[in-house]
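I opened this model to look up its empty spaces, its unusual backbone angles and one of its helices. My notes follow in the order in which I took them.

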Amino acid sequence: MFYWVMKRIFLGPVLKLLFRPWVKGLDNIPAEGAAILASNHLSFSDSIFLPLMVRRPVVFLAKMEYFTGTGIKGRLTALFFRLTNQLPMDRSGGAASAASLSAGMGVLNHGGLLGIYPEGTRSPDARLYRGKVGVARLALQAGVPVIPVAMIGTDKVQPIGKRLPNIRRIGMIFGEPLDFTAYGDRAEDRDVQRKVTDQIMFELQRLSGQEYVDEYAAVVKLRLAGKPVEPEAGSIVPDPSAGGTGAGDPRPGSAPVERAGDDDGGAAATG
């Protein structure tokens, strides 16, 4: 009820008036049934603008920190996220991330729309980074289509670290649904998960026009912050036999060989 009231009566109309969002391909979202909305991630406001323009409710996986804050601000933030269809996502990896993925699977099993950011975190520089395979695992296990979503200009509205947004127009493009049911019997195959994820990222790059970086955004953020990064963390070596072009090429078929520090299958979360 809170979600509907905020979207249709209070917050939604104001945001549409101020930011005048333009949308392409909205009809690519099914009128009913489960699907994953896989989006690039430029700004915190992505999780506000994207569901604002989608007719059906969208449930996002949001980073756990938004639900565990202390003090009045922390409690109000947690309450807001719970009331606006956000689910806590543990990004620490391993069993914790797997449990968070199960929550996302529950949304899909009940026929809902699940919003995911395959990059795992906001882009530090408006470029598109390598996707984590959690989105592929969910799509393959649930047997649902993936709709790629390109957010346009939200990084200019609310850059990382800026609390008050800039008033300017933003946009979004919903691509045609991607069907991966042909791989349904290989949902746990790591190579298949990587292939599916790379195809999703290729579609996001095509729709958004962003420069693609074949490295994890989280690793880049650590480096920019001067924090230690595991050697070769997030790096890949192209497989010559696959016919891909290697780094910087997200095309399906590039079949990267993963090295130390590659993702553990965690899904992506707001943050």
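For the helix numbering used below, I took helices as DSSP runs of H or I with at least four residues, numbered from the N terminus. I note at the outset that this is a predicted model.

Entry 1, helix α5. I looked up residues 134–142 and found that this helix is mostly covered, with seven of its nine residues buried. The buried ones are Gly134, Val135, Ala136, Arg137, Leu138, Ala139 and Leu140. Just after α5 I came to Gly143, whose phi is positive, at about 65 degrees.

Entry 2, positive phi outside glycine. I kept in mind that most residues other than glycine have a negative phi. Arg20 has a positive phi near 40 degrees, and I placed Arg20 in the loop between α1 and β1 (22–24). Is Arg20 buried, exposed or partly exposed? Its relative accessible area is 46%, and because the partly exposed class runs between 20% and 50%, I entered Arg20 as partly exposed. Ala126 also has a positive phi, near 70 degrees, and I found Ala126 in the loop between β5 (113–116) and β6 (128–129). With a relative accessible area of 30%, Ala126 is partly exposed as well.

Entry 3, the largest pocket. I read its volume as about 650 Å³. Of the 21 residues in its lining, those closest to the centre are Phe44, Ile48, Gln158, Lys162 and Arg163. I then asked which helices contribute, and found that α1 (2–19), α2 (46–53) and α3 (71–83) each supply at least two lining residues, while the largest share, four residues, comes from α3. Sorted by class, the lining of this pocket holds 13 nonpolar, four polar and four charged residues.

Entry 4, enclosed cavities. I counted three cavities of 30 Å³ or more, and the largest cavity has a volume of about 220 Å³. It is lined by 13 residues, and nearest its centre I noted Tyr3, Leu11, Ile48, Pro51 and Thr84. Which helix gives the most to this lining? It is α1, with six residues, and both α1 and α2 supply at least two. By class I recorded eight nonpolar, four polar and one charged residues in the lining of the largest cavity.

Entry 5, cross-check. I came back to Ile48, which I had listed among the residues closest to the centre of the largest pocket and again among those nearest the centre of the largest cavity.

Note on methods:
Residues numbered from 1 in each chain as written. Predicted model: local features only at pLDDT ≥ 70, side-chain atom pairs only at ≥ 80, totals over all residues. Heavy atoms only, no water. 1 Å grid on protein atoms, 1.4 Å probe; cavity = no way out; pocket = protein on both sides within 12 Å on 5 of 7 lines; lining within 4 Å. Points joined across faces, edges and corners; volume = space filled by probe spheres on them. Nonpolar A, V, L, I, M, F, W, Y, C, P; charged D, E, K, R; others polar. Buried < 20%, exposed > 50% of the residue type's maximum accessible area, 1.4 Å probe, protein only.
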